[in-house]
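Reader: I should like to look closely at one part of this model rather than survey the whole. Please choose a residue and explain, step by step, what surrounds it and how each term is defined.

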Amino acid sequence: MSAAERVLIVDSDMEHCKVIKYALGEYGVGAYYALSVVDGIEQLMRHHYELVILDISLSERDGLQLLRFMRQTKDMPILVLSSQGDYESKKRAYCMGADDFMEKPLEPRECLLRAQALLRRYNATALPMPGERRYTIVNFENMRIDPLTRYVCYNGREIDLTRREF
């Protein structure tokens, strides 16, 4: 994670927000929190975030509605927290657009690991910034091409190509 990454935490428990914020902050992530659905929406509309950590237990209905709103409004990963970890609660959260789900009480280090994984996947699929170049390793049935290192492997054997051939 980098300092440029911003995470929004939406949870009615300030102490809980602070625990997550400081765990993320130790790894250089800018974490911000909102203590209500209304504040969460305002923050989301005013700023750009790469990840939202959302406690849908704010009130089950409002938390799920906020989740749906976030999913429809912004393209970013959403890690859902809930004090209810039964199958039906998880199913509702995933159906409303959650990318991951954690049951409360949570372990801050596990929350950090899941946040890192979501950010890594999100940043890998996000459109590059102007002037930024992204490369993708291409796999065919029996060929692998890595444009960054100009590595080509065909039928399990590396092929040396000149720059022009590549």
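Author: F101 is buried, its relative accessible area being 6%. The word has a fixed meaning: buried is under 20% relative accessible area, exposed is over 50%, and partly exposed lies in between, with a 1.4 Å probe and protein chains only. The model is predicted, so local features require pLDDT of at least 70 and side-chain atom pairs count only at pLDDT 80 or more, whereas totals for chains, interfaces and linings use all residues. Residues are numbered from 1 along each chain as its sequence is written, and side-chain values use heavy atoms, with hydrogens and water left out.

The ring of F101 leads to a neighbour. There are 2 aromatic pairs in the structure. One of them joins Y94 and F101, whose ring centres are 6.5 Å apart and whose planes make an angle of 40°. This pair is classed as tilted, because rings of Phe, Tyr and Trp (its six-membered ring) pair if their centres lie within 6.5 Å, and planes under 30 degrees apart are stacked, those over 60 edge-to-face and the rest tilted. Unlike the buried F101, Y94 is partly exposed, at 40% relative accessibility.

The next step is the strand in this region. β5 spans residues 100-103; strands (E, at least two residues) and helices (H or I, at least four) are DSSP runs numbered from the N terminus. An open sheet of 5 strands contains β5, in the order β2-β1-β3-β4-β5 and with parallel pairing. Its edge strands are β5 and β2 (30-34), each of which pairs on one side only; two strands pair if DSSP finds at least two bridges between them. Strand β4 (residues 78-82) runs parallel to β5 and is joined to it by 4 bridges. In this pairing, M102 of β5 has L81 opposite.

Charged side chains also meet here. Side chains of opposite charge can pair when their charged atoms come close. The structure has 7 salt bridges, a salt bridge being a side-chain nitrogen of Lys or Arg within 4 Å of a carboxyl oxygen of Asp or Glu. One of them connects D100 and R114, with the closest N and O atoms 3.0 Å apart. It links distant parts of the chain, since D100 lies in strand β5 and R114 in helix α5, 14 residues away. D100 is buried, with a relative accessible area of 14%, while R114 is partly exposed at 24%. R114 forms a further salt bridge with E110, where the closest N and O atoms are 2.7 Å apart. E110 and R114 both belong to helix α5 and are separated by 4 residues, about one turn of the helix. E110 is partly exposed, with 34% relative accessibility.

Another salt bridge involves the loop between β5 and α5 (108-125), where K104 is found. The side chain of K104 meets that of D11, with 3.2 Å from N to O. D11 is in the loop between β1 (6-10) and α1 (14-25), and the two partners are 93 residues apart. Both are buried: D11 has a relative accessible area of 1% and K104 one of 18%. Together with D55, D11 and K104 are linked in a network of salt bridges.
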